[in-house]
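User: Please take a close look at one helix of this protein and set it in the context of the fold around it. I would also like to know how the cysteines stand.

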Amino acid sequence: MDSLEWLTIGSRLWTELHLFSPGGLFSMAAVGDASCVPATEFDCRNKPEALKLKAAAMVAILVAGAFGVALPLVGRRLKVIRPDGNVFFLAKALAAGVILATGFVHILPDAMEALTNQCLAEVPWRKFPFAGFIAMIAALGTLVVDFAGTEYFEKKHASKKQAISETIGSEHDSIYAAASSDPEHGGVNGGASGSSERANQMHIVGMRAHASSHRHSHPEGHHSCMDSTHAHSHGHVGHAHGTPEDEHTTIRHVVISQVLELGIVTHSVIIGLSLGVSQSPCTIRPLLAALSFHQFFEGFALGGCISQAGFKSWSSSCMAFFFSVTTPLGIGMGMGISEIYKANSPKALIMEGFFNSVSAGILVYMSLVDLIAADFISKRMRCDRRLQLMSYLALFTGALAMSSLALWA
């Protein structure tokens with residue numbers, strides 16, 4: 001073995017020891033090893049131009065995200081894009097395809113790349129598919145949170161409904177007792193006028209009870225599509241009839257919107273941080289367009305779930321605000337630590353890979369189970385072949401369009 005081979009072995013051993021020497025996320029000098037730095041960081045490094053592009057990215061992504069999440073919320077008052085309209089349904093299918101492709105084509109491969117990076121030790125990182133494993137655990141964890149959240153809100157809603165029923169029942173009893181015992185109003189000997197007054201009082205109470213607790217359901221039979229259409233139109237013409245199925249759907253949207261925002265916010269921080277620390281315009285330019293497109297449709301899907309959940313204006317505004325600012329804040333954080341942050345240090349790679357894997361698991365689960373399956377297996381979809389065809393077209397268009405962006409970002 002000649003001196004060159006000994007020198008190579010010694011260099012590799014020193015690198016392994018150096019990478020795992022004590023130190024924090026910003027103190028590991030993995031960048032000292034040229035093989036751990038992407039070629040574009042050397043070939044296309046331009047700090048002044050990168051700074052301008054990052055500032056433009058913050059504004060563009062903020063505007064795209066805010067517009068996307070606000071559109072369904074404002075659209076509740078517009079006939080064209082209201083949550084129960086076909087246009088909204090198709091746009092939501094398109095957004096679901098974008099989110100699915102984001103999880104499978106963008107985030108999960110990035111997580112795999114980070115957790116199998118050559119800057120990490122071969123054992124255990126390149127001996128086990130940690131990215132896929134963590135994504136699987138995250139998806140199963142999301143299932144548990146989804147189930148527990150739905151059960152919690154159903155119990156909360158049931159207890160609230162029971163309290164309202166008890167209040168109306170006590171009010172009913174008190175009015176009936178007062179009307180029965182008052183001679184002036186025909187309690188015992190009040191004649192026909194008293195009976196009429198008591199009947200009016202009872203009718204008012206009955207109307208209030210009917211408005212708060214009236215329920216009806218339609219059997220799933222040959223006429224289920226006709227019944228569904230009738231109930232839908234009847235809800236707009238007359239008074240609202242909330243079926244148990246409608247209540248469950250609303251509760252599901254409450255849980256979906258919160259879990260979906262958690263997954264989106266998690267990976268948005270990582271994306272923003274990665275863009276913020278980069279000093280390569282060649283890396284930032286494609287990310288600017290891709291993230292703006294991605295942020296708009298993610299925002300639309302989230303805004304649609306928030307709108308369908310029926311949150312109060314304050315809660316809806318807070319959720320929309322946090323979604324809109326998360327990625328720009330991540331970019332700002334990355335810009336602030338770009339001089340000391342070592343993107344290819346082992347701890348940075350492990351953290352990035354872990355959070356990207358978690359985000360991928362959450363987004364894949366949410367897109368398949370809570371966005372796609374929930375809408376595409378619904379009675380409304382089964383009963384409208386034209387809407388079904390258009391929705392599938394929108395879904396595949398969103399997925400393919402977002403996947404194609406992987407060629408540039």
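Analyst: A disulfide is a covalent bond between the sulfur atoms of two cysteines. In this predicted model, the structure holds zero disulfides. Two cysteines may be described individually. Cys305 is buried, because its relative accessible area is 0%, under the 20% cut-off. Cys318, at 23%, is partly exposed.

The setting is as follows. The protein comprises 14 helices and zero strands, and 39% of its 409 residues count as buried.

The helix chosen for the close look is H11, which covers residues 313-337 and has 25 residues. From its first C-alpha to its last, H11 reaches 36 Å, close to the 36 Å expected at 1.5 Å a residue. H11 nevertheless bends by about 35 degrees at Thr326, and a proline, Pro328, follows within four residues. Both Thr326 and Pro328 are buried. The buried residues of H11 also include Ser324, Val325 and Thr327 around the bend. Towards the start of the helix, Ser316, Met319, Ala320 and Phe323 are buried, and after Pro328 the list continues with Gly330, Ile331 and Gly334.

A further element of the fold is helix H10, residues 281-309, which packs with helix H4, residues 86-115. Two packed helices are described by the angle between their axes and the distance between the axes. For H4 and H10 the angle is about 125 degrees and the axes lie 9 Å apart; the two helices are therefore oblique to each other. Their crossing is left-handed.

How values were computed:
Residues numbered from 1 in each chain as written. Predicted model: local features only at pLDDT ≥ 70, side-chain atom pairs only at ≥ 80, totals over all residues. Heavy atoms only, no water. Expected span 1.5 Å × (residues − 1). Bend = angle between axes of the 7 residues up to and from the residue. Buried < 20%, exposed > 50% of the residue type's maximum accessible area, 1.4 Å probe, protein only. Disulfide = S-S within 2.5 Å. Axes fitted to C-alpha atoms, helices over the stretch in contact; angles between N-to-C directions. Parallel < 35°, antiparallel > 145°, perpendicular 65-115°, else oblique. Left-handed = near helix turned anticlockwise from the far one by under 90°.
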